[in-house]
Amino acid sequence: MSMDLAPGGVVPHIRSLLPSLLPAEKAVAEVFVGRPSDIVEMSSQQVADAAGASRASVVRTCQSLGFSGYQQLRVLLARDAARALPTEIRSGDGPFAVVVDTFSQVGDSIDAMTALLDERTVTGAVEALATAATVVVVGNGLSAPLASDADARLRSVGVTSYAPSDAIAQQVAAKLLTGKDVLLVVSGSGATAQSTRTARIAREQGATVIALTSFARSDLAGAANFALVVGMRDLSFQRELSVTSRIPHLILLEGLMAALTVRLGDRATAALEATYDVISGSLSD
């Protein structure tokens, strides 16, 4: 098996698959994620000892992650080793330092944000949005504001879309979709039951499902025609469920909207002009 990952993409790739691994495999993978620079110099038995697992578990974990074996993983981590590690937030340095460090971490995470995207998936998603009769946008919990924003942005470039906020309304909307329509789902964890259920209903109706998530083997990703996976360098499933920033998904949505605007051409230009007319008439002196 060949693993073709962009430079800097090994650790983000492993993190994106952590929730899907068996317990012993997850313990090994957490060693990979926690000590990537050390792995280059460690034997598979040393990794096994650090994880409290067997040497065979190390090999199986590598294969479950898509690598041919432990040696391929070591080579790819060696390639990535020269890349700088993200700045840690130091809570004792005061609010200003925390804010500045947050910007630094975003900058350090750019490679990780794009490492799991591929041209075919992005192009397919943009084409599906451009040719859809209707787009339904879904997001629940912390992803709900992003769904609302995406809905507004789609309409601003001339795409017929709406974003029901109630989980039942989302599923009803999905049930009414056809093969001409698209469901766009935003879920960082990819494990939100309501969002995944809505995606499966839409697939059953023949609609195209586009998922924005941070975990490649999540339930949502498995239900999607196009799974766009992005995340921060320090992403973990626990942090995604609680405090992880939505910055990667916001940037991805910005990129999709920019690509969609180019793809729609005059249609998007006319819609944007109408949007600007409405906005200009709503501003006070």
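# Exercises on a predicted model

The structure holds five salt bridges, where a salt bridge is a side-chain nitrogen of Lys or Arg within 4 Å of a carboxyl oxygen of Asp or Glu. This is a predicted model, in which local features need pLDDT of at least 70 and side-chain atom pairs count only at pLDDT 80 or more, while totals for chains, interfaces and linings use all residues. Residues are numbered from 1 along each chain as its sequence is written, and side-chain values use heavy atoms, with hydrogens and water left out.

## Exercise 1: Salt bridges

Find the salt-bridge partner of Arg155 and say how far apart the two residues are in helix α10.

Step 1. Arg155 meets the side chain of Asp151 in a salt bridge, at 2.8 Å from N to O.

Step 2. The two residues, Arg155 and Asp151, are four residues apart in helix α10, so about one helical turn separates them. Helices here are DSSP runs of H or I with at least four residues, strands are runs of E with at least two, and both are numbered from the N terminus.

Step 3. Now look at accessibility: buried means under 20% relative accessible area, exposed over 50%, and partly exposed in between (1.4 Å probe, protein chains only). Asp151 counts as buried because its relative accessibility is 7%, whereas Arg155 is partly exposed at 43%.

Step 4. Try another pair: Arg79 and Asp80 also join their side chains in a salt bridge, at 2.9 Å from N to O. Here Arg79 is partly exposed at 34% relative accessibility, and Asp80 is buried at 11%.

## Exercise 2: The aromatic pair

Which residues form the aromatic pair, and how are their rings arranged?

Step 1. The structure holds one aromatic pair. Rings of Phe, Tyr and Trp (its six-membered ring) pair if their centres lie within 6.5 Å; planes under 30 degrees apart count as stacked, over 60 as edge-to-face and the rest as tilted.

Step 2. The partners are Phe32 and Tyr70, whose centres are 6.3 Å apart with 25 degrees between the planes, an arrangement that counts as stacked.

Step 3. Place them on the chain: Phe32 belongs to helix α2 (residues 23-34) and Tyr70 to helix α6 (residues 70-80), 38 residues apart, and the pair links these distant parts of the chain.

Step 4. Phe32 is buried, with a relative accessible area of 0%, and Tyr70 is buried as well, at 4%.

## Exercise 3: Following the strands

Trace the strand pairings that begin at β1 and lead to β5.

Step 1. Two strands pair if DSSP finds at least two bridges between them. β1 pairs with β3 in the parallel sense over five bridges, and Gly139 has Val186 of β3 as its bridge partner.

Step 2. β1 also pairs in the parallel sense with strand β2 (residues 161-162), over two bridges. The chain goes from β1 through α10 to β2 in a right-handed β-α-β crossover, meaning that, with the strands pointing away from the viewer, the path from the first strand over the helix to the second runs clockwise.

Step 3. β3 and β4 are parallel too, paired over five bridges, with Val182 opposite Thr208 in β4. Between β3 and β4 the chain passes through helix α12 (residues 193-204), again in a right-handed β-α-β crossover.

Step 4. Four bridges join β4 to β5, which run parallel; Ile210 has Phe226 in β5 as its bridge partner.

Step 5. Check both faces of β4: Thr208, Ile210 and Leu212 on one side and Val209, Ala211 and Thr213 on the other are all buried. β4 is largely enclosed by the rest of the structure, because six of its six residues are buried.

## Exercise 4: The nonpolar core

Which element supplies the largest share of the largest nonpolar core?

Step 1. A nonpolar core is a set of buried Ala, Val, Leu, Ile, Met, Phe, Trp, Tyr and Cys residues joined through side-chain atoms within 4.5 Å. The largest one has 29 residues, and Val135, Leu184 and Leu260 are among those with the most contacts inside it.

Step 2. Elements that each supply at least two residues include α9 (119-131), β1 (135-139) and α15 (247-264). The largest share, six residues, comes from α15.

Step 3. Apart from this core lies another, of 28 residues, including Val10 and Cys62.
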